[in-house]
Amino acid sequence: MGTWIEIRCENRTAATTDSDPGNRCWSHDNAGPMGEASDNRASLIQMVRGLEDEARETGWVKTRKGWFCPFCTSSPG
Ligand SMILES: [Zn+2]
């Protein structure tokens with residue numbers, strides 16, 4: 001048994017993000033950084049840090065509201 005962790009875009013519910021695949025919010029295509037950690041605190045923390053590193057490297061931006069995918073970061077609305 002493990003714990004699934006995934007970074008989801010905070011803008012994923014905006015109407016303008018619900019467009020064609022490849023031209024919409026990454027979270028509509030479940031394309032965010034994700035992975036499965038073991039069920040202990042150390043593994044969970046390590047997994048989150050790894051996913052955040054991966055997110056930054058692939059263009060995700062963390063704001064005070066949370067994470068935003070590369071599409072929503074570069075597209076108005
Ligand atoms: Zn998005």
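**Figure 1. Arg-8 and its surroundings in the predicted model.** Arg-8 is partly exposed in this predicted model, with a relative accessible area of 30%, and its place is in the loop between strands E1 and E2. Leaving out residues up to four places away in sequence, Arg-8 touches Ser-27, Asn-30, Trp-60 and Trp-67. Of these partners, Asn-30 is found in the loop between E1 and E2 as well, and although Arg-8 and Asn-30 are 22 residues apart along the chain, their C-alpha atoms are separated by 8.1 Å. Asn-30 is itself partly exposed, with a relative accessible area of 46%. The backbone of Asn-30 also deserves a look, for its phi is near 50°, a positive value in a residue other than glycine. Most residues other than glycine have a negative phi.

**Figure 2. The zinc site and its four cysteine donors.** The protein donors of the zinc ion are the SG atoms of Cys-9, Cys-25, Cys-69 and Cys-72, which lie 2.3 to 2.4 Å from the ion. The angles among the four donor atoms run from 103 to 115°, and the site is tetrahedral. Along the sequence, the donor residues follow the spacing C-x15-C-x43-C-x2-C. Cys-25 and Cys-69 link distant parts of the chain, 44 residues apart: Cys-25 belongs to the loop between strand E1 (2-6) and strand E2 (34-38), while Cys-69 belongs to the loop between strand E4 (67-68) and helix H2 (70-74). Both of these donors are withdrawn from the surface of the protein chain, since Cys-25 is buried with a relative accessible area of 0% and Cys-69 likewise counts as buried at 0% relative accessibility.

**Figure 3. Trp-67 and the residues packed around it.** Trp-67 is found in strand E4 and, at 8% relative accessibility, counts as buried. When neighbours within four places in sequence are left aside, Trp-67 is in contact with Ile-7, Arg-8, Cys-9, Glu-10, Glu-52, Ala-55, Arg-56, Trp-60, Val-61 and Lys-62. This list includes Cys-9, which is one of the zinc donors shown in the preceding view, and Arg-8, whose own contacts include Trp-67 and Trp-60. It also includes Glu-52, and the C-alpha atoms of Trp-67 and Glu-52, 15 residues apart along the chain, are separated by 9.3 Å.

**Figure 4. Glu-52, a buried acidic residue of helix H1.** Glu-52 is found in helix H1 (residues 41-57). Is Glu-52 buried or exposed? At 18% relative accessibility, Glu-52 counts as buried because the cut-off for that class is under 20%. Not counting residues up to four places away in sequence, Glu-52 touches Ile-7, Lys-62 and Trp-67.

**Figure 5. Helix H1, with its buried and exposed faces.** At 1.5 Å a residue, the 17 residues of H1 should span 24 Å, and the end C-alpha atoms of the helix are 24 Å apart, which agrees. Within H1, the buried residues are Ser-43, Met-47, Leu-51, Glu-52 and Ala-55. Seen down the axis of H1, these buried residues fall within an arc of 165°, so they line one face of the helix. What covers them includes E1, E2, strand E3 (61-62) and E4. The face of H1 turned away from this buried side carries the exposed residues Arg-41, Ala-42, Gln-46, Arg-49 and Glu-57. Just after H1, Gly-59 takes a positive phi of about 100°.

**Figure 6. Asn-40, ahead of helix H1.** Asn-40 is found in the loop between E2 and H1 and counts as partly exposed, at 36% relative accessibility. Asn-40 and Thr-3 are 37 residues apart in sequence, and their C-alpha atoms are 9.0 Å apart in space.

**Figure 7. The whole protein, as a setting for the close-up views.** The protein has two helices and four strands, which follow the pattern β-β-α-β-β-α when read along the sequence. Of its 77 residues, 35% are buried. Among contacts with a separation of 6 or more, 59% are accounted for by residues 24 or more positions apart. The protein exposes about 5,100 Å², of which carbon and sulfur atoms supply 49%.

Technical notes. Residues are numbered from 1 along each chain as its sequence is written. This is a predicted model: local features need pLDDT of at least 70, side-chain atom pairs count only at pLDDT 80 or more; totals for chains, interfaces and linings use all residues. Side-chain values use heavy atoms; hydrogens and water are left out. Buried means under 20% relative accessible area, exposed over 50%, partly exposed in between (1.4 Å probe, protein chains only). Contact means heavy atoms within 4.5 Å. Accessible areas come from the Shrake-Rupley method with a 1.4 Å probe; for residues, only the protein chains shown count as cover. Donors are N, O and S atoms within 2.8 Å of the metal (3.2 Å for Na, K and Ca); water is not among the atoms, so sites may look incomplete. Four donors count as tetrahedral if all angles lie between 85 and 135 degrees; four count as square planar and six as octahedral if opposite donors are over 155 degrees apart and all others between 65 and 115; anything else is irregular. The expected span of a helix is 1.5 Å times one less than its number of residues. The arc is that of the directions from the helix axis to the C-beta atoms.
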